[in-house]
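Let's walk through this model together, one piece at a time. Have the sequence and the 3D view open as you read.

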Amino acid sequence: MNKEIFRIPMPDKQTIHIQTQQIVVAASKQKVSFISYLKSMHQQIGIKHLFSDRSELIFAWITAIILSGLFLVKPEPSQANVHDMYGFIFLISPVLFLTLSLYTYSNKIISGTFEVEMTCKYNVYQIIAFRMLIFSVIAIMFNTMTLVFMSMIYEDVHFARAFMISSTGLFAFSILILFAVMKRRSTVAAAATIIGWTLGNLLLIYMDNPIYRDILVNLPLFVYALVFVGTLYGYLKSLNRFIHFQYAEGDY
Amino acid sequence: MIVVKNVSKYYGNFCALNNITLELHNGVYGLLAPNGAGKTTLIKMLATLITPSQGEIVYDGKNIIHMDDEFRALLGYLPQQFGYYNNYSPKQYLLYLAALKGMGRKDSIRIIKELLEKVALSEVGNKKMKKFSGGMIQRVGIAQALLNNPKVLILDEPTAGLDPKERARFRNLLSELARDRLVIVSTHIVSDVESIANEVIMIKHQEVLYKDSVENICNTLAGHVYETTIDYGHLDAFRNRYTVLLEKQESGEMNIRFIHKGAAAEGWLSVTPSLEDVFLYEYRDEIRMEV
């Protein structure tokens, strides 16, 4: 009996590579970009449901009012040091954002809704990441308004510089807190970040270090702009990672 | 179909579950074990709340952790302690959860109306939940688990706080739902699953003891369960000699249901074993420790 021998030509390396890629792409889940993920969350969840409880809204308003009050009880314009002002802006810029984000998280833990919400299509971390982004926009708007008033009251405070310092402070702090939550996986690490941020900045303000003062007052604006863009990029990257963060029991 | 492949869970040196392998198809599965046996650990792994230390859980061939939101979109989950926001009404809360489940508002309103009717809460749909009884809260919990018409429904102690009438209604609801989906009910109350479960999974010493139909599990004790009547004075001696399942005082004497794996004595009546008998027999040590 004549045996028919089939000869299958061995594909070249490039063909192997292309076909392997095609198989992998066809088999693996399409990775949704950060922007389109946020877009679909916005469409499906909307802004209304970002506040799961009315008490969160009340809490947000109280925090905003207290923060405004803090700015109002600042020293007389003649007695104010401009570097202290900038240091204060850097320290306080993430406070509204922080309280809004932390309150949400603790409210879910206290109400016992954490587990149910973790098993929803958009889980607690994804919602918090989405809210953080929205809240950071709200915080920037609030900070900007406050800075406009400050630059009107205090002649030495320049709006552009103050805006850069404030936004850099907000994003730098957000990167730190997200890092603490994702890498250290503990409430203690998150609390330590908040305390560290506050004490560290207070120390720098009251030590009146000339280098720190120089950075705040004399650093060229374009350098600030670069730092601002860098922290914004780092913040968005951290948020993207947070969206895919995997919860492990006992973390919080 | 869900396949649990050689799954173990460790917390430090403590082993909560050891090398569990299960294959689960559409229908009702009753996960039965005393408190602390590892039921909730398994349930939480199936709900992606915790990840296995070893092994994997796959749904239609895909690892449920890798499926991420794709799996959660198929999942309905009622935790052991169902939490809620005090100031919300069931309608508001269910609308909020429907949004998190990625459901459109129009569909959500229609489905919520139907679900509230199913769990007999239509009349209090707009009332604040802080005024609700435990049973009413539990029914909101059942409704939220069904919101997205899940393909996999996982319920951890779903009948806690429900009265007998509500329990019966819940069992009927589950039977109806299980026709085209996988339902896993974790409980330590035998009657919750005895009549409706296609299969019962019993966990003992962190491993699967049985995964079989109620009938087959009951047959493991066939010919060993008896009933008899003894004097009250002989009770302690009887308890020491046999595994007593049930004691009932009647006209100054004790009616005893017990297990004996040997020849029957005179006056003993051989009876058909129930799932509760198997449960009490297999977990006798754990139950004694709880007492």
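Helix H1 (residues 39-46) of chain B lies across S1, S2 and S4 of chain B, at about 120° to S1(B). Contact here means heavy atoms within 4.5 Å; the axes are lines fitted to C-alpha atoms, for helices over the stretch in contact, and angles run from 0 to 180 degrees between N-to-C directions. Helices (H or I, at least four residues) and strands (E, at least two) are DSSP runs, numbered from the N terminus.

Before going further, a word on what you are looking at. This is a predicted model, in which local features need pLDDT of at least 70, side-chain atom pairs count only at pLDDT 80 or more, and totals for chains, interfaces and linings use all residues. Residues are numbered from 1 along each chain as its sequence is written, chains are lettered from A and ligands numbered from 1 in the order in which they are written, and side-chain values use heavy atoms, with hydrogens and water left out. Chain B averages a pLDDT (the predictor's confidence in each residue, from 0 to 100) of 90, and 98% of its residues score at least 70. For the complex, the predictor gives an ipTM of 0.84 and a pTM of 0.79.

Now back to the strands beneath that helix. They belong to an open sheet of 4 strands in chain B, in the order S2-S1-S4-S5 and with antiparallel pairing; two strands pair if DSSP finds at least two bridges between them. Strand S2 (14-24) and strand S5 (62-63) of chain B are the edges, each pairing on one side only. Inside the sheet, S1 (residues 2-11) and S4 (residues 54-59) of chain B are joined in the antiparallel sense over 5 bridges. You can find one partnership by eye: Val4(B) has Ile57(B) in S4(B) as its bridge partner.

Further along chain B there is another open sheet of 4 strands, ordered S12-S13-S11-S14 with antiparallel pairing. Its edge strands are S12 and strand S14 (269-270) of chain B. S12 (residues 243-250) and S13 (residues 253-259) of chain B pair over 7 bridges, and their hairpin has 2 residues between the strands, with Ser251(B) taking a positive phi near 50°. On S13(B), Arg257(B) is the bridge partner of Leu246(B), and Glu227(B) also stands opposite Arg257(B). Strand S11 (residues 225-231) of chain B pairs with S13(B) in the antiparallel sense, over 7 bridges. Helix H11 (residues 275-282) of chain B lies across S11, S12 and S13 of chain B, running at about 120° to S12(B).

What about enclosed space? A cavity is a set of points, on a 1 Å grid over the protein atoms alone, where a 1.4 Å probe fits but cannot get out; lining residues have an atom within 4 Å of a point. The count comes to 4 cavities of 30 Å³ or more, and the largest holds about 60 Å³, a volume being the space filled by probe spheres set on points joined across faces, edges and corners. Its lining includes Lys118(B), Arg139(B), Glu166(B) and Phe170(B). Helix H7 (164-177) and helix H6 (134-146) of chain B each give two or more residues to that lining, with H7(B) giving the most, 4 residues.

Finally, the records. An unreviewed UniProt entry annotates residues 2-230 of chain B as "domain: ABC transporter"; such annotations use the numbering given here, have shortened feature names, and may be inferred rather than shown by experiment. That span is 34% helix and 30% strand. For chain A, UniProt (unreviewed entry) lists residues 159-181 and 188-207 among those under "transmembrane region". Residues 159-181 of chain A are 100% helix, with end C-alpha atoms 33 Å apart, while residues 188-207 of chain A are 100% helix with ends 27 Å apart, again between C-alpha atoms.

Terms used. 1 Å grid on protein atoms, 1.4 Å probe; cavity = no way out; pocket = protein on both sides within 12 Å on 5 of 7 lines; lining within 4 Å.
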